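Welcome, and please open your viewer so that we can walk through this structure together. At each stop you will get something to select and a short note on what is there.

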Amino acid sequence: ERGGTAPAGYLGDVVERVMPSVLAARAKGLTDIDQFVDEHIRRTVAGLVERSQSLAARVAAGRCAVVGLSYRLAEGTVHSVAQYGLPA
C-alpha cells in the first residue's frame with residue numbers, strides 16, 4: 001500500500017526482501033506481475049552467486065550451477081528465468 005506501513009514480523013521480513021526487486025522492476029518499466037516475479041528470481045540468483053565466494057568458485061569451475069526457476073502451480077509448468085554455470 002502506498003504511504004502505508006510495512007507489516008510486522010515474518011511478513012515484514014518478506015516485504016523487505018522482495019521490495020528491492022519490485023523497485024528494480026518498476027524502474028525498468030515492467031508492469032506485469034510475472035515480470036516482477038522473474039525480476040525477483042533473477043536478482044535472488046545473482047545475489048546467491050555474488051555473495052558466496054565458495055559458490056561462485058564452484059560455478060566458475062563448472063562444478064555446480066545455480067538456476068532460478070518459476071513454477072506455476074495452477075498450470076503445472078516451470079520455466080527457467082536465470083542461470084549461472086550452465087551452458088547457454
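How many salt bridges does the structure hold? The structure holds four. Before you select anything, keep in mind that this is a predicted model.

**Stop 1: a bridge between α2 and the loop before it**

Start by selecting E39 and K28. These two residues form a salt bridge, and their closest N and O atoms are 2.9 Å apart. The pair links distant parts of the chain: E39 belongs to helix α2, while K28 sits in the loop between α1 and α2, eleven residues apart. Now switch on a surface. Is E39 buried or exposed? E39 counts as buried, because its relative accessibility is 3%, under the 20% that sets the limit for this class. K28, in contrast, is exposed, with a relative accessible area of 53%.

**Stop 2: from helix to strand**

Next, select D34 and R72. Their side chains meet in a salt bridge, at 2.3 Å from N to O. This pair also links distant parts of the chain, with D34 in helix α2 and R72 in strand β1, 38 residues apart. How far does each one reach the surface? D34 counts as partly exposed, at 35% relative accessibility, and R72 is partly exposed too, with a relative accessible area of 28%. Add R42 to your selection together with the two residues of the previous stop: salt bridges that share partners join K28, E39 and R42 into one network. Then keep R72 in view and add E75, since the side chains of R72 and E75 meet in another salt bridge, at 3.3 Å from N to O.

**Stop 3: along strand β1**

Colour residues 66-72, which make up strand β1, and pick out S70 within this strand. Is S70 buried or exposed? S70 is buried, because its relative accessible area is 10%, and the limit for that class is under 20%. Which residues touch S70, leaving aside its neighbours within four places in sequence? S70 is in contact with V37, D38, I41, T77, V78, H79 and V81.

Move to L69, which is also found in strand β1. L69 counts as partly exposed, at 48% relative accessibility. Now select V67, L69, Y71, L73, V78 and L86 together: they form a nonpolar patch on the surface, with about 590 Å² of accessible area between them. The largest share of this patch comes from β1, which gives three residues.

**Stop 4: the largest pocket**

Here is a place to look for empty space. Rolling a probe the size of a water molecule over the atoms shows where such space is left. About 250 Å³ of space lies in the largest pocket. Which residues line the largest pocket? Select R17, V18, P20, S21, H40, R43, T44, G47, L48 and R51 to see the lining. Two helices, α1 (9-27) and α2 (33-51), each supply at least two residues of the lining. The most comes from α2, with six residues.

Zoom in on P20, which has its place in helix α1. P20 is partly exposed, with a relative accessible area of 37%. Draw a distance from P20 to H40: their C-alpha atoms are separated by 8.3 Å, although the two residues are 20 residues apart along the chain.

Then click on S21, which lies in helix α1. Is S21 buried or exposed? S21 is buried, because its relative accessible area is 4%, and buried means under 20%. Not counting residues up to four places away in sequence, S21 touches E39, H40 and R43. You may recognise E39 here as the partner of K28 in the salt bridge from the opening stop, while H40 and R43 are among the residues that line the largest pocket.

**Stop 5: out to helix α3**

For the last stop, select residues 53-60, which form helix α3, and find A60 there. Is A60 buried or exposed? A60 counts as exposed, because its relative accessibility is 71%, over the 50% that this class requires. Finally, draw a line from A60 to G4: these residues are 56 residues apart in sequence and 43 Å apart in space, C-alpha to C-alpha.

Conventions
Residues numbered from 1 in each chain as written. Predicted model: local features only at pLDDT ≥ 70, side-chain atom pairs only at ≥ 80, totals over all residues. Heavy atoms only, no water. Helix = DSSP H or I, 4+ residues; strand = E, 2+ residues; numbered from the N terminus. Buried < 20%, exposed > 50% of the residue type's maximum accessible area, 1.4 Å probe, protein only. Contact = heavy atoms within 4.5 Å. Patch = residues over 30% accessible without salt bridge, like charges linked within 9 Å, V, L, I, M, F, W, Y side chains within 5 Å. Areas by Shrake-Rupley, 256 points an atom, 1.4 Å probe, with all protein chains shown as cover. 1 Å grid on protein atoms, 1.4 Å probe; cavity = no way out; pocket = protein on both sides within 12 Å on 5 of 7 lines; lining within 4 Å. Points joined across faces, edges and corners; volume = space filled by probe spheres on them.
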